[in-house]
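Here are my notes on the structure you sent, as numbered points. Please read them beside the coordinates.

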Amino acid sequence: MYSQGLTDAKGQEEPADLLAEFQAKIDREEKIEPRDWMPMAYRKTLIRQMSQHAHSEIVGQLPEGNWITRAPTLNRKMILLAKVQDEAGHGLYIYSATETLGVSRDQLTDELLTGKAKYSSIFNYPTPSWADMGAIGWLVDGAAIMNQVPLCRCSYGPYARSMVRICKEESFHQRQGYEIMTVLARGTQAQKDMAQRALNRTWWPSLMMFGPSDKNSTHSAQSMKWKIKRFSNDELRQKFIDATVPQAEHLGLTIPDPDLKWNEETGHYDHGEINWDELFQVIKGNGPCNKERLQARIDAHENGEWVREAAQTYQQKQNNQHNEAA
Ligand code: FAQ
């Protein structure tokens, strides 16, 4: 029995009974594990989303890494350093989870460095002031949590499990960012202005992190059916706005959207139109820092060549010793 038009790696239609059992398993909220049968399109979607996610964590170190040497106090420096290291760790968990789908880390890295793979648009914006560290923690990690908490219930086991620890760490990141904003917002007028400017810069790009609107989202419908995604892009974006507006009010800062208004009827905030053209331009590689970010990753990869070689040589030596002893 063949149907549904889903095809495997050889372009053959996948057996309908396997497809039906696969969907039934997902509908029963059972996890799909690496050795389970899965449709090729499910595997491809996961590799695409998870590798984009892992790349985002890795490239996402750069805007904040920019401030480690310039943090205003030793304490701030230690906290920022720890946060940036956490992001590296998140990238590594998610790369490992992606490898369980039969793709190698080298392949994934190659796709990032050659510009074939995407990473989150948000990391292509500059971070010109210390307040941007506050705005990133508060808004970017805040948006990441909103998106990633539902991913803890993603149908693919390794991805879901990697998200549990990541979300705990992201919560710490969000709080440290909000705390930076609180100190600045209660500081001198110059500090408050700096915090406001960082909010102005980060607000709209952080809304774009949730992806295009539902009507333009290519993958949402299928990903929701497969329970990779539990909420649509617009639903998550709205949840984020509803949670964040009172936090901005508490800081005494103004969200840069004149159309932002509480709507009694819907029980949500209405908001102004997002500049989708900007999102698509950034995704295409034309954002303010795309070239700089990619070049930084290429340089890091090239400069790390000797470390990879040394690690491989050491591993080879260990293996030889082990074989001789056996
Ligand atoms: N930027 O059909 P959809 C973080 C692409 S981690 C770039 O809606 P989907 C932690 C999309 O890939 C942040 N590309 O796609 C941190 C697709 O392209 P394709 C990353 C985007 O997958 C904090 C096309 O547009 N988080 O921040 C973007 O169903 C601080 C059509 O879109 C994740 O990756 C975008 N904003 O939904 C680190 C979470 N939006 O492949 C350091 C997991 C869309 O067809 C410091 N990912 N695209 O060529 C997801 O939840 C989903 O992949 C979405 C997109 C929601 C991002």
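1. Gly 115 comes just after helix 5 and takes a positive phi of about 80 degrees. The model is a predicted one, and this angle is a computed value of that model. Gly 115 belongs to the loop between helix 5 and helix 6 (131-148). With a relative accessible area of 46%, Gly 115 is partly exposed. For a distance check across the chain, take Thr 218: its C-alpha atom and that of Gly 115 are separated by 20 Å, with the two residues 103 apart along the chain.

2. Helix 5 itself spans residues 105-113, and its buried residues are Leu 108, Thr 109, Leu 112 and Leu 113. Viewed down the helix axis, these buried residues fall within an arc of 130 degrees, so they line one face of helix 5. Which elements cover them? The cover includes helix 2 (40-59), helix 4 (74-99) and helix 12 (290-303).

3. Helix 5 also contributes to a pocket, the second largest, where it supplies the largest share of the lining with 5 residues. The space in this pocket is about 240 Å³. The lining has 13 residues, and the closest to the pocket centre are Ile 58, Tyr 95, Arg 105, Thr 109 and Arg 297. Thr 109 is thus one of the buried residues of helix 5 and also one of the residues closest to the centre of the second largest pocket.

4. On the make-up of that lining, at least two residues come from each of helix 4, helix 5 and helix 12. Helix 4 and helix 12 are also among the elements that cover the buried residues of helix 5. What is the split of the lining by class? There are 6 nonpolar, 3 polar and 4 charged residues.

5. On the cysteines, how many disulfides does the model have? The count comes to 0 disulfides. Cys 152 is in no disulfide, and the nearest cysteine sulfur, that of Cys 167, is 3.9 Å away. A disulfide needs the two sulfur atoms within 2.5 Å, so a pair at that separation does not count.

6. Is Cys 152 buried or exposed? Cys 152 is partly exposed, at a relative accessible area of 23%, because buried would require a value under 20%. Cys 289 has a relative accessibility of 6% and therefore counts as buried.

How values were computed. Residues numbered from 1 in each chain as written. Predicted model: local features only at pLDDT ≥ 70, side-chain atom pairs only at ≥ 80, totals over all residues. Heavy atoms only, no water. Buried < 20%, exposed > 50% of the residue type's maximum accessible area, 1.4 Å probe, protein only. Helix = DSSP H or I, 4+ residues; strand = E, 2+ residues; numbered from the N terminus. Arc of directions from axis to C-beta. Contact = heavy atoms within 4.5 Å. 1 Å grid on protein atoms, 1.4 Å probe; cavity = no way out; pocket = protein on both sides within 12 Å on 5 of 7 lines; lining within 4 Å. Points joined across faces, edges and corners; volume = space filled by probe spheres on them. Nonpolar A, V, L, I, M, F, W, Y, C, P; charged D, E, K, R; others polar.
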